[in-house]
Amino acid sequence: MEAGKVTLNTSMTMTGMAPMIAGATLTPDKTPGRYTGTITFPDSGTRQVTVTWDGPAGTDSTKFSVPVR
Ligand SMILES: [Cu+2]
């Protein structure tokens, strides 16, 4: 499947702080259907990750949580 433009956004809710937001644009890997990107987090903790894609099949997104150590 060709997903077109794929972006990844993360946010972390911390008490007493504005949400920490970080994002990246993903690029196609050698394996079809796989995308890679690099992102750096200044601290550890659980991130809410949203991946959005925009391609011939339309626009959609998915959300999940990732622990950062
Ligand atoms: Cu944080």
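Colleague: I'm new to this one, so let me start at the beginning of the chain. In which sense do strand β1 and strand β2 pair, and over how many bridges?

Modeller: Welcome! Keep in mind that this is a predicted model. As a general idea, strands of a sheet pair through backbone hydrogen bonds, either parallel or antiparallel. Here, β1 (residues 5-12) and β2 (residues 20-28) take the antiparallel sense, over seven bridges. For one spot to look at, find Leu 8: its bridge partner in β2 is Ala 24.

Colleague: Found it. How many helices and strands does the protein have?

Modeller: The protein has five strands and zero helices. Going along the sequence, the pattern reads β-β-β-β-β.

Colleague: In what order do the five strands sit in the sheet?

Modeller: The order in the sheet is β3-β2-β1-β4-β5, the sheet is open, and its pairing is antiparallel. At the edges are β3 (35-36) and β5, each of which pairs on one side only.

Colleague: Let me look at the β5 edge. How many residues lie between β4 and β5 in their hairpin?

Modeller: Two residues lie between them. The hairpin's strands, β4 (residues 45-55) and β5, are antiparallel and share 11 bridges. Try Gly 55, which stands opposite Gly 58 in β5.

Colleague: And how should I picture the side chains on such strands?

Modeller: In a regular strand the side chains alternate between the two faces of the sheet.

Colleague: How many of the 11 residues of β5 are buried?

Modeller: Zero: strand β5, residues 58-68, is hardly covered. For the protein as a whole, 4% of its 69 residues count as buried.

Colleague: Why does Asp 43 count as exposed?

Modeller: Here you count neighbours: a residue is exposed if 12 or fewer other C-beta atoms lie within 10 Å of its own. Asp 43 counts as exposed because it has 8 C-beta neighbours inside 10 Å. You will find Asp 43 in the loop between β3 and β4.

Colleague: How far apart in space are Asp 43 and Gly 33?

Modeller: Their C-alpha atoms are 30 Å apart, while in sequence Asp 43 and Gly 33 are separated by 10 residues.

Colleague: What does the C-alpha trace span along its principal axes?

Modeller: The span is about 40 × 25 × 15 Å.

Colleague: Last one: what share of the contacts between residues at least 6 apart in sequence join residues at least 24 apart?

Modeller: That share is 38% in this protein. To see strands brought together from farther along the chain, return to the sheet order, where β1 sits beside β4.

Terms used: Residues are numbered from 1 along each chain as its sequence is written. This is a predicted model: local features need pLDDT of at least 70, side-chain atom pairs count only at pLDDT 80 or more; totals for chains, interfaces and linings use all residues. Helices (H or I, at least four residues) and strands (E, at least two) are DSSP runs, numbered from the N terminus. A residue is buried if 20 or more other C-beta atoms lie within 10 Å of its own, exposed if 12 or fewer, and partly exposed in between; C-beta atoms are placed from the backbone. Two residues are in contact if their C-beta atoms, placed from the backbone, lie within 7 Å. Two strands pair if DSSP finds at least two bridges between them.
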